[in-house]
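Trainee: Could we go through this model together? I would like to learn how each label is earned.
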Amino acid sequence: MPTIPLFILAGILLGPNTPGFVLLDDPHDLEMLSALGLVLLLFYLGLEFHMDDLKTGGKKMAIAGCFYLLLNVGAGLAFGFMMGWGTSEAFVFAGVLGISSSAIVTKILVDLGRIGNPETKPILGIIVVEDIFLAMYLAALQPIISGADDLAETAGQIGKAFAFLLVLALAARFGTKVIGKLFATKDNELLVISFLGAAVLVAGISEKFGVADAIGAFMVGLILGSTASGGRIRDLVHPLRDAFAAIFFFGFGLSIDPGDIGSVIVPVLIAVVITLAMNLTAGIVAARIYGFGPQPTANVGTTLLARGEFALILATMAATAGLDPRLSPFIASYVLILAVLAPLVAGRSHWVAKILPGGRRPDQEAERQPEEVSASR
């Protein structure tokens, strides 16, 4: 069983919203450590995502990512208007239902030993496209939900975020050799301090420019993964990644109040079904683009199913802007269900593959699964 649901459930059981022993009264006490967990997860994702992948498959990744967003964000916007809670709320729904959790997706790939699988490249490509879209979406959404009508300021925020992303992309494309020399040390302690400092620094600067801190950390990992020290950095970051990722998911569980789930459970379940359908459809499209069979198709659709950190950011923005109070429990319940469901479904994607067009025979699936378990071990 994947560890992500267990970390989240531990946070719920030991948090202030559940009767019994309370480990932490205020989830914000873990805010900095949780943020570091997200940064390290995306930094590791960047290390595994090589520049050669972008050069050779960038067009396919862009098409798959844009189609994924079109399906999921479009379905989220339609669902939001269907709920009738308001126009601003509908745009919040679009982001909540449309964007995958980079942290959970990364952890699923690691836990299931699928980092080296062929279908992982389009999964990571879709995550990158989502994160780029996320930077511009957040900049555009803030004036919408706050009722601002200054289009010039909105355009300026989007332009600033895009310009910073362009600088990071140029550094990843042309600055690898120079940056590699800065990290060329034989001392492991100095190397850990250097890459950790670089990831946190760029993540913080990214936030100042309106770009998600996670995408800044991802770009640092992308750059360092292509240097001569990339292999050593991957080995050294593993224990840090696992420790702080556990804190991230535990902190996420602390913020959830189980008592709020009952009032919004029906629309939440409808949203979960919509998300599952859209993800499988996007997986089928990605499979057609890359020429994958049923099993990789199921892996793509189920791995990207989770929703997480971005949805919680939107819940905070909605509460601050005074939008419909039902949004917060809806988002918390929706994210909780998918955060628990996604790793479980992804680990049993061979069941999903059987119902897809051209699905594998049971005996073929039985041969594949032990290989994935062995890889994860």
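Mentor: Gladly! Helices here are DSSP runs of H or I with at least four residues, numbered from the N terminus. Phe174 is placed in helix 7. Keep in mind that this is a predicted model.

Trainee: Why is Phe174 called exposed?

Mentor: Exposed means over 50% relative accessible area. Phe174 has 62% relative accessibility, so it counts as exposed.

Trainee: And what makes Leu166 partly exposed?

Mentor: Leu166 is in helix 7, residues 151-174. Its relative accessible area is 43%. Buried would need under 20% and exposed over 50%, so a value in between is called partly exposed. Leu166 also helps to make a nonpolar surface patch of about 430 Å², together with Phe162, Leu170 and Phe174.

Trainee: How do you know that Lys107 and Asp111 meet in a salt bridge?

Mentor: The cut-off is 4 Å between a side-chain nitrogen of Lys or Arg and a carboxyl oxygen of Asp or Glu. For Lys107 and Asp111 the N to O distance is 2.9 Å, so the pair meets the definition. Side chains of opposite charge can pair when their charged atoms come close.

Trainee: Where do Lys107 and Asp111 sit relative to each other?

Mentor: They are four residues apart in helix 5 (residues 102-111), so about one helical turn separates them. Lys107 is buried, with a relative accessible area of 7%, whereas Asp111 is partly exposed at 22%.

Trainee: How many salt bridges does a search of the whole structure find?

Mentor: It finds two. Besides the pair in helix 5, the side chains of Asp242 and Arg241 meet at 2.8 Å, N to O. That distance is within 4 Å, so this pair qualifies too. Arg241 counts as buried at 5%, and Asp242 is partly exposed at 36%.

Trainee: What makes Thr302 buried?

Mentor: The limit for buried is under 20%, and Thr302 has 1% relative accessibility, so the label fits. Thr302 lies in helix 13, residues 294-303. Leaving aside neighbours within four places in sequence, Thr302 is in contact with Ala342, Val345, Ala346, Ser349 and Val352.

Trainee: Why does the span of helix 10 agree with what is expected?

Mentor: Helix 10 has 13 residues, from 213 to 225, which should span 18 Å at 1.5 Å a residue. Its end C-alpha atoms are 18 Å apart, so the two values agree.

Trainee: What makes helix 10 mostly covered?

Mentor: The count does: 13 of its 13 residues are buried. Helix 4 (residues 87-98) is mostly covered as well, with 10 of its 12 residues buried. Among those buried residues are Glu89, Phe93 and Leu97.

Trainee: Which residues touch the most other members of the largest nonpolar core?

Mentor: Phe43, Phe249, Phe330 and Tyr334 do, in a core of 102 residues. Helix 15 (residues 327-347) gives the most to this core, with 11 residues. There is also a second, separate core of six residues, which includes Leu280, Ala298, Val352 and Leu356.

Trainee: What does Phe249 touch, if residues up to four places away in sequence are not counted?

Mentor: It touches Ile4, Phe7, Ile8, Leu41, Ala103, Ile104 and Lys107. You have met Lys107 already, in the salt bridge with Asp111.

How values were computed
Residues are numbered from 1 along each chain as its sequence is written. This is a predicted model: local features need pLDDT of at least 70, side-chain atom pairs count only at pLDDT 80 or more; totals for chains, interfaces and linings use all residues. Side-chain values use heavy atoms; hydrogens and water are left out. A nonpolar core is a set of buried Ala, Val, Leu, Ile, Met, Phe, Trp, Tyr and Cys residues joined through side-chain atoms within 4.5 Å. Buried means under 20% relative accessible area, exposed over 50%, partly exposed in between (1.4 Å probe, protein chains only). Helices (H or I, at least four residues) and strands (E, at least two) are DSSP runs, numbered from the N terminus. Contact means heavy atoms within 4.5 Å. Patches are made of residues with over 30% relative accessible area and no salt bridge: like charges are joined within 9 Å, nonpolar side chains (Val, Leu, Ile, Met, Phe, Trp, Tyr) within 5 Å. Accessible areas come from the Shrake-Rupley method with a 1.4 Å probe; for residues, only the protein chains shown count as cover. The expected span of a helix is 1.5 Å times one less than its number of residues.
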